[in-house]
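This report covers an annotated span, the sheet and the relation between the two chains. The sequence and structure come first.

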Number of protein chains: 2
Amino acid sequence: MAYELYYWDGLQGRGEFVRLALEEARAPYVEVARGRPEDGLGEGAMLALMDSKDEPHPPFAPPFLRDGDLIIPQSANILFYLGEKLGLAPRDDLRYVVHGLQLTIADVVTEVHDTHHPIGSGLYYEDQKEAAKARATDFIDHRMPKFMGYFERVLKQNPKGDAHLVGDSLTYADLSMFQLIEGLHYAFPRATKRFRQRYRRLAALRDAVAARPNIAAYLASERRIPLNETGIFRHYPELDRSPGSD
Amino acid sequence: MAYELYYWDGLQGRGEFVRLALEEARAPYVEVARGRPEDGLGEGAMLALMDSKDEPHPPFAPPFLRDGDLIIPQSANILFYLGEKLGLAPRDDLRYVVHGLQLTIADVVTEVHDTHHPIGSGLYYEDQKEAAKARATDFIDHRMPKFMGYFERVLKQNPKGDAHLVGDSLTYADLSMFQLIEGLHYAFPRATKRFRQRYRRLAALRDAVAARPNIAAYLASERRIPLNETGIFRHYPELDRSPGSD
């Protein structure tokens, strides 16, 4: 039976990390919120499930995955669940290392979100622009280099070589790292201008993931929603800048 | 062999969620950063491991757990790992439901942190007080009710009864919910004044966890560091207020 992925239509957002794993594995899945109401799908169906008063384990927010009766919320949790089933995670205790990296990627994603919404996720960007500028500056000057320097070091210190974050084969964390790098380049073209020189292993990993046949086919398909200003990674030129260290 | 928990000395922070699970299970553990340098412990030992150039899987930040050769970072990930070993998680697929809740609790914790550090975690609170006031207001008026209302609903809809978040026995998510509620009351006494009336199931869960013999013994011990203004939950009176809906 196909997996049911529940995530907002029209944006990559946190759902994209799950989509990449499903696409790489060519796993059958239905995008519930992107379907038609006449088929019992659409965002209404997603919201109904979230608001259900008799669902035994209601999710807080998208993305969540339904596999039979089981509803799994939180992108990193979904990937932990799918990783084993789709062959995108180690079967031994290194799966906790992969998951730890995924959660650190998720932390970066939250910080990127907060560069444009530092005061309140329910408020307009226009009403928190000053704070956004300050937070984006701190992210570009301090947080992004700290995180990306760390991930580069993870590749460097991987005893199985620097082609993957963990072990010697692809995991969902590698796919998510591709997505994070893509998103950072979209949101912050000036801040990432020297990314390739600074983080050559991460750049090579990004290229290797993009060249995988199933990923390349997905990226060229209509299923891949373009990055835009409704998602996590938003290109607001006024928030982008060359890092203070450039 | 005892688990080695690595977390900053002097604050509860994200390490406390792990401590509660270890204490409930009476699992032997060493607090590395709280030990003495002459024993090879202390924060220096923790930082050395984080900065190690030959550690195969270096962690980004505390807390992390060492179990033999394995280093597991991220509090929710540590709890996933320990949950099975310590009998604090379901053995079936419901473990992903527990983990999803833990990750949502972790999201609240991050948002609480950002009420006092909305612009930059490396900047002084004093330099982001205005933004902190705005973010705390949004948290108290919108985010806290949304999250806590959700968790109350999780208890209510649990088919096994409202004594636990998942199933009919204690999980690490219940322990973490206790900690979250404690922290919110410490940081925001005015905002949480009506907590018991609004969220009676959560309040009952908090009380039940506090009354568990191993938890009660831990809370009364010197191992429990008091909440203070170096941790996640900080009582800055200027950030606390009655919710707009009161």
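## Annotated span

In this predicted model, residues 91-239 of chain A have their end C-alpha atoms 41 Å apart. The span is 61% helix and 0% strand. An unreviewed UniProt entry places the feature "domain: GST C-terminal" at these residues of chain A.

## The sheet of chain A

Four strands of chain A form an open sheet with mixed pairing, in the order 2-1-3-4. Strand 2 (29-31) and strand 4 (70-73) of chain A are its edge strands, each pairing on one side only. From one strand to the next, the twist averages 20 degrees.

Strand 3 (residues 64-67) of chain A pairs with strand 4 of chain A in the antiparallel sense, over four bridges. Opposite Asp67(A) stands Leu70(A), in strand 4 of chain A. Helix 2 (residues 43-51) of chain A packs on the sheet, where it touches strand 1 (3-6), strand 3 and strand 4 of chain A. The direction of helix 2 makes about 85 degrees with that of strand 3 of chain A.

## Relation of the two chains

A turn of 180 degrees, with a shift of 0.0 Å along the axis, lays chain B on chain A with an RMSD of 0.0 Å. This is the relation of a two-fold axis. In chain B, the C-alpha nearest the axis belongs to Pro118(B), at 2.9 Å from it.

Of the interface residues of chain B, 100% are also interface residues in chain A, so the copies meet through the same surface.

Note on methods. Residues are numbered from 1 along each chain as its sequence is written. Chains are lettered from A and ligands numbered from 1 in the order in which they are written. This is a predicted model: local features need pLDDT of at least 70, side-chain atom pairs count only at pLDDT 80 or more; totals for chains, interfaces and linings use all residues. Side-chain values use heavy atoms; hydrogens and water are left out. UniProt positions are given in the numbering used here, feature names are shortened, and annotations may be inferred rather than shown by experiment. Helices (H or I, at least four residues) and strands (E, at least two) are DSSP runs, numbered from the N terminus. Copies are superposed by least squares on the C-alpha atoms of residues with pLDDT of at least 70 in both. Contact means heavy atoms within 4.5 Å. Two strands pair if DSSP finds at least two bridges between them. Axes are lines fitted to C-alpha atoms, for helices over the stretch in contact, and angles run from 0 to 180 degrees between N-to-C directions.
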